[in-house]
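Please find below some comments on the charged pairs and on a nonpolar part of the surface, set out as numbered points to be read beside the coordinates.

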Amino acid sequence: MQLKSITLYIFLTAVPAHGSVLKSFAFRGRFASANCPARQFLMVTKQIPDVLPRAQSISRPDSRADVVVIGAGPTGLACAIEVQRAGFKVITIDKGCVVNSLYNYPANMTFFTTPELLEIGDLPFTTAHQKPTREEALEYYRKAAEHYHLDIRQYIWVKTVTGQDGNFSIAATDRSGRVYDFRARKLIVSTGYYDLANLMNIPGEDLPKVHHYYREPHPFFDTDVLVIGGKNSAAISALDLWRHGARVTLVHRGARMHNHVKYWILPDIENRIKNHEIAAYFNSSVKDIEVDYVILNTPDGPVRLKNDFVFAMTGYHPDYDFLRSIGIELSPEQCRPVCDPGTLESNVPGVYVAGVIVAGSRTNEIFIENGRFHGKQIAAHISQKLGTGPSE
């Protein structure tokens with residue numbers, strides 16, 4: 001290891017005899033200060049390593065499992081439940097909280113689907129309404145995790161996966177930077193797509209006033225807000241902000257709102273635009289975001305708008321780099337992971353994919369409603385490969 005020599009100037013009001021205070025350093029000289037005759041300066045040198053040692057990993061007996069599930073969303077929980085019901089020891093790891101994506105949904109969101117289509121582990125999802133709310137879904141999945149006594153490690157971010165079928169090593173870190181090592185015979189990757197926003201790569205996108213997630217309208221009352229996008233997230237955000245006192249402008253690169261907008265939301269947003277209650281620029285894009293204004297590229301030329309906040313509802317995508325780092329091959333156009341459609345085992349033996357990442361960039365193909373069944377497919381194949389019961 002290469003060593004560097006550094007010089008330290010130690011300022012003392014009094015220096016004990018024999019230099020006992022600094023006996024761990026090699027003295028290079030002693031100086032008196034003309035301006036401070038009662039004080040002295042010491043110049044000392046110490047050898048330090050050029051590279052600091054790596055933080056020691058934390059490996060405990062409870063960090064070994066038959067199966068590690070990466071991702072504690074609804075599909076990840078369903079996988080953990082089904083594999084555990086098959087008799088195997090399972091650890092589920094997530095860099096956020098349980099069902100972190102649902103937590104980041106708008107606070108007052110209501111699901112489009114009915115509650116029975118969100119159920120996992122044969123647990124009934126009861127709700128006071130025809131369609132469940134975000135709060136009800138969060139409670140349901142918490143209760144499911146409690147009911148099955150799932151071993152979930154929250155706020156642990158998986159960084160690397162090494163090893164091979166039957167002996168995988170998973171390195172992860174927590175929010176304090178501490179390193180954790182896990183071991184597993186099989187691995188299920190169910191990391192979703194909601195954590196990585198599709199960036200516009202324009203000046204000002206990194207300003208604090210720019211958000212890629214919409215939570216609630218109150219902080220934006222009586223402000224000028226730009227909403228970027230033409231699908232459900234943009235329409236819902238724009239309507240909610242307008243109804244709570246924000247001055248809303250919507251900009252979309254398409255000629256009109258996308259046809260995927262939910263059938264009861266589409267006429268609402270179209271009428272608000274028609275009545276000039278929400279301003280809209282179609283066939284347009286954002287060129288630049290500044291502290292108190294934005295510049296749009298429109299069919300009529302550049303437009304400058306006063307602006308306080310921006311919601312870039314431009315969609316999200318799976319963590320392709322992480323999938324590739326494991327060795328999973330992705331299709332060239334849609335970045336779909338190569339996997340057996342019957343077992344969901346990827347091209348890497350012992351590594352399974354589940355949930356929306358199976359669809360690659362076509363994130364509108366797999367939802368909770370159909371992704372929740374991936375757990376049974378995977379558990380059946382793991383049982384076939386490993387037999388029944390946990391390893392010793």
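1. Arg134 counts as buried, because its relative accessibility is 4%, which falls under the 20% cut-off. This is a predicted model, and the accessibilities and distances in the points that follow are to be read with that in mind.

2. The side chain of Arg134 meets that of Glu135 in a salt bridge, with an N to O distance of 2.8 Å. Glu135, by contrast, counts as partly exposed because its relative accessibility is 45%, so the pair joins a buried residue to a partly exposed one.

3. A salt bridge also forms between Arg247 and Asp222, whose closest N and O atoms are 2.7 Å apart. This pair links distant parts of the chain, since Arg247 belongs to strand S13 while Asp222 sits in the loop between strand S11 (210–211) and strand S12 (224–228), 25 residues apart. Arg247 is partly exposed at 38% relative accessibility, and Asp222 is partly exposed at 45%.

4. Which residues are linked with Asp222 and Arg247 in a network of salt bridges? Asp224 and Lys306 belong to that network together with them, and the count for the model comes to 18 salt bridges.

5. Glu365 and Arg362 meet through their side chains in a salt bridge at 4.0 Å, N to O, and the cut-off for such a pair is within 4 Å. Glu365 is partly exposed at 33% relative accessibility, as is Arg362 at 36%.

6. Turning to the nonpolar surface, Phe112, Tyr263 and Trp264 make a patch of about 360 Å². Tyr263 lies in the loop between strand S13 (247–251) and helix H5 (266–274), and counts as exposed because its relative accessibility is 61%.

Notes
Residues numbered from 1 in each chain as written. Predicted model: local features only at pLDDT ≥ 70, side-chain atom pairs only at ≥ 80, totals over all residues. Heavy atoms only, no water. Patch = residues over 30% accessible without salt bridge, like charges linked within 9 Å, V, L, I, M, F, W, Y side chains within 5 Å. Areas by Shrake-Rupley, 256 points an atom, 1.4 Å probe, with all protein chains shown as cover. Helix = DSSP H or I, 4+ residues; strand = E, 2+ residues; numbered from the N terminus. Buried < 20%, exposed > 50% of the residue type's maximum accessible area, 1.4 Å probe, protein only.
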